[in-house]
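Visitor: Please show me the protein. I would like to ask how each label is earned.

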Amino acid sequence: AAPAPAAPAADDPRMRIQALLAEGQEAFQQGDNQGAIDIWSRIFLIDVDNDEASRRIEAARDLKAERERQAEELYYEAVELFEAESFDEARDRFERTLELDPNHGGARAYIEQIDEAGGDDDDDLQYSDADPEYDDAIDAALKSAAREEAGAAEGAMPISYVAVKKTDKRLVAIGALVALLVIGGGAFLATQWNEFFPNAAPPAQGGAAATGQIDRAQALYENGQVENAVRLLERISTIDPSYRQAQTLLTQWRSELGEGTEETDSGIDPLAPPELSPEDQARLDLLLNAARDAYGEGRYIRASRYFERAKKLRPLEPDDAVLERSTAESLEPLREYLKLFEGAEYTQILPDLWRERERDPGNPDIDMLIVDSYFNLALQDLQRGDAVSAVSKLEDALEVDEDNRDLLRLLTFSRTYGDRQQDLLYRIFVKYTPTR
């Protein structure tokens with residue numbers, strides 16, 4: 001008789017793959033399609049061509065897409081009800097939208113508007129003087145404020161622990177004010193992220209947004225709102241396939257604006273670059289220098305984003321315009337990945353990006369897309385309250401960029417809340433951390 005095959009060792013990759021397949025199947029059967037996709041995608045770190053993982057991911061993705069389609073139908077019904085001021089019915093449909101798609105930011109934003117219009121305050125911020133959770137909430141808010149002032153040491157937990165004791169009602173009022181300031185400051189930081197952190201990637205935009213922007217811009221133009229149409233087209237990224245069409249329309253419409261201005265008779269060229277304030281000029285110089293440096297280092301995604309932001313202040317000079325066109329040409333092989341990334345399809349592109357990294361090691365744009373995809377997926381996990389899943393994604397990202405401070409910071413935060421109850425500080429931090 002032939003001898004029986006030896007049992008696989010405990011650290012055999014086949015056993016790890018089987019374990020991940022079973023873990024993902026359990027999530028899939030519980031209706032967590034995205035969780036199953038995330039788990040099965042980790043198989044590609046072991047076997048980049050695993051057919052079984054690809055098949056299961058495709059099936060889960062199809063189901064996820066169907067749920068998202070149903071969620072979008074509910075969402076647009078809810079928006080119509082909201083605009084008709086049927087707020088109760090609109091809220092019901094927005095909540096059903098979130099049941100189908102927990103990450104639907106639009107539905108969450110509308111629910112917040114309904115709550116604010118109805119005068120409903122956030123229950124998480126309602127604490128009475130006798131509430132035992134009051135001190136914890138104020139403590140958390142003060143820790144967050146202290147962390148923003150002092151900064152977090154590299155590799156350290158991004159929280160400065162401050163001892164707080166409630167002595168009288170004046171301290172209660174001060175604590176509540178600090179909590180509001182932290183939340184307001186977080187909102188301001190989120191909206192001004194690019195100005196304070198120019199090396200961080202901006203939030204992802206929808207991949208199909210440019211085509212819709214051109215259609216809306218043309219509708220504005222036909223209604224005589226030329227200036228609004230121009231401003232809308234100026235937002236289209238240089239890496240978008242519709243960029244050249246947008247530039248052609250911009251040239252035509254800007255000329256029409258120039259011919260219709262009263263300043264032409266005064267000798268002022270309406271098409272001349274605008275005069276910038278010293279602050280804006282300094283910002284422009286900073287952006288252009290960063291774009292040139294990124295281009296020289298072969299970091300074309302980053303260069304493209306810097307050029308895009310610089311153009312919002314002033315049209316590019318000829319030399320920089322040449323660099324921008326060269327940047328777009330260099331990004332052409334990654335165009336499909338960039339479109340999917342901007343559409344937040346991080347799980348879909350990661351297996352292919354890992355293969356591209358094997359074929360082209362050391363390509364900084366590929367590494368950046370991998371790291372940022374994992375970062376955004378981890379942030380989605382945290383927004384769902386799943387710090388454990390966020391840890392695994394951030395650990396995968398650190399295989400590509402082990403010294404990335406943003407990854408290390410978010411990893412430390414995720415590990416801390418892996419076995420800790422999510423408090424006010426958790427919600428503030430997750431809410432105001434932008435995507436890459």
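Guide: What follows is a round of questions and answers on those labels. This is a predicted model, in which local features need pLDDT of at least 70 and side-chain atom pairs count only at pLDDT 80 or more, while totals for chains, interfaces and linings use all residues. Residues are numbered from 1 along each chain as its sequence is written, and side-chain values use heavy atoms, with hydrogens and water left out.

Visitor: How many helices and strands does the protein have?

Guide: There are 20 helices and 0 strands. Helices (H or I, at least four residues) and strands (E, at least two) are DSSP runs, numbered from the N terminus.

Visitor: Why is Thr327 called buried?

Guide: Buried means under 20% relative accessible area, exposed means over 50%, and partly exposed lies in between (1.4 Å probe, protein chains only). Thr327 has 1% relative accessibility, so Thr327 counts as buried.

Visitor: What does Thr327 touch?

Guide: Leaving out residues up to four places away in sequence, Thr327 touches Tyr295, Tyr300, Ala303, Ser304 and Phe307. Contact means heavy atoms within 4.5 Å.

Visitor: Why is Glu95 called partly exposed?

Guide: Its relative accessible area is 34%, so Glu95 is partly exposed. Glu95 sits in helix α4 (residues 87–100). Glu95 and Ala71 are 24 residues apart in sequence, and their C-alpha atoms are 10.0 Å apart in space.

Visitor: How do you know that the span of helix α14 agrees with the expected one?

Guide: The expected span is 1.5 Å times one less than the number of residues. Helix α14 (residues 318–330) has 13 residues and should span 18 Å; its end C-alpha atoms are 18 Å apart, so the two agree.

Visitor: Which residues of α14 are buried?

Guide: Asp320, Ala321, Glu324, Thr327 and Ala328 are buried. Seen down the axis of α14, its buried residues fall within an arc of 115°, so they line one face of the helix. That arc is taken over the directions from the helix axis to the C-beta atoms. On the other side of α14, Pro318, Asp319, Arg325 and Glu329 are exposed.

Visitor: What makes residues along a helix share a direction?

Guide: An α-helix has 3.6 residues a turn, so residues three or four places apart point the same way.

Visitor: How many residues does helix α3 have, and how far does it reach?

Guide: Helix α3 (residues 51–83) has 33 residues and reaches 47 Å from its first C-alpha to its last, close to the 48 Å expected. Its buried residues include Ala53, Arg56, Ile57 and Ala71. Just after α3, Glu85 takes a positive phi of about 65°.
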